[in-house]
Amino acid sequence: MTIPRRSWRSAGALVAAAVVGLTGGVVSAGPAVAHTPTWAVTCSEVTVDLTNYTSDVPNTVTVSVDGKDLLPTETFGREFHKKLALPDHDKPVTVRLVVKDADGDGKHSIDQTKTAEVCEEEPTPPPTEPAPSEPAPSKTPSTETPEPSDEPSESAPAVPAPSPSSPDLAETGSSSTTPVIGGAAVAVLLAGGGILWAVRKRRTAQG
């Protein structure tokens, strides 16, 4: 079966149109993913993420807080990522981000501001009261009887020893003078007996 030349030309035109359409779609989709700036602000920090910028041109980024530089102007290429801590503040502050796109007419440059609120302080926990201390148990007096000591007490008065020169108050036994006294008593008795005998004899002679 032979295909006419007109059919070949029509088919070729359709293919060419399809290729052009696809190419145009790809080209038109390119700028949609380029130059993607994102940034966020909290009460304590600023996060900046810049992607898909042209890498061979001097793009710049600047961050300021209430007109004071938080990030002085810095040059970047294709991407830029940074997290910046905000200074302490007791009232809301204004954060400004300035990005200059150096590619072409700079239509992707941005100049935006956001507000950083005051961070809420965490509540301080109430001080814990110390637990009352329990009184120490009183010591029970000991009921044990102390054992007598073998050693004499130092406070006991010493018993004085009898003096050898003092006279004996009473003698219950014999002494060395007992035979003398007995002999004297016998002599007195004999003498008295002799006197009585002599007196009786004289009376008898006189009678």
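Is Phe 76 buried or exposed? In this predicted model, Phe 76 is buried, with a relative accessible area of 5%. Let's see what surrounds this residue, and then turn to a sheet elsewhere in the chain.

**The aromatic rings**

The model holds two aromatic pairs. In one of them, Tyr 53 meets Phe 76 edge-to-face, with 5.4 Å from centre to centre and 75 degrees between the planes. This pair joins distant parts of the chain: Tyr 53 belongs to the loop between β2 and β3 (59-65), while Phe 76 is in strand β4 (residues 68-76), 23 residues apart. Phe 76 also pairs with Phe 80; their ring centres are 5.7 Å apart and the planes stand at 50 degrees, so this pair is tilted. Together, Tyr 53, Phe 76 and Phe 80 make up one aromatic cluster. Here is how the cluster members compare in accessibility:

| Residue | Relative accessible area | State |
|---|---|---|
| Tyr 53 | 1% | buried |
| Phe 76 | 5% | buried |
| Phe 80 | 6% | buried |

**The sheet**

Now for the strands. An open sheet is built from three strands in the order β1-β2-β5, with antiparallel pairing. Because β1 (36-41) and β5 (80-85) are at the edges and each has a single partner strand, one side of each is left without a neighbour in the sheet. On average, neighbouring strands of this sheet are turned by 5 degrees against each other, direction ignored. β1 pairs with β2 (residues 45-51) over six bridges, and Thr 36 stands opposite Thr 51 in β2.

**A charge over a ring**

One more contact is worth a look: Lys 114 lies over the face of Trp 39, at 4.7 Å from the ring centre.

Terms used:
Residues are numbered from 1 along each chain as its sequence is written. This is a predicted model: local features need pLDDT of at least 70, side-chain atom pairs count only at pLDDT 80 or more; totals for chains, interfaces and linings use all residues. Side-chain values use heavy atoms; hydrogens and water are left out. Two strands pair if DSSP finds at least two bridges between them. Helices (H or I, at least four residues) and strands (E, at least two) are DSSP runs, numbered from the N terminus. Axes are lines fitted to C-alpha atoms, for helices over the stretch in contact, and angles run from 0 to 180 degrees between N-to-C directions. Rings of Phe, Tyr and Trp (its six-membered ring) pair if their centres lie within 6.5 Å; planes under 30 degrees apart count as stacked, over 60 as edge-to-face and the rest as tilted. Buried means under 20% relative accessible area, exposed over 50%, partly exposed in between (1.4 Å probe, protein chains only). A charge sits over a ring if NZ of Lys or CZ of Arg is within 6 Å of the ring centre and within 35 degrees of the ring normal.
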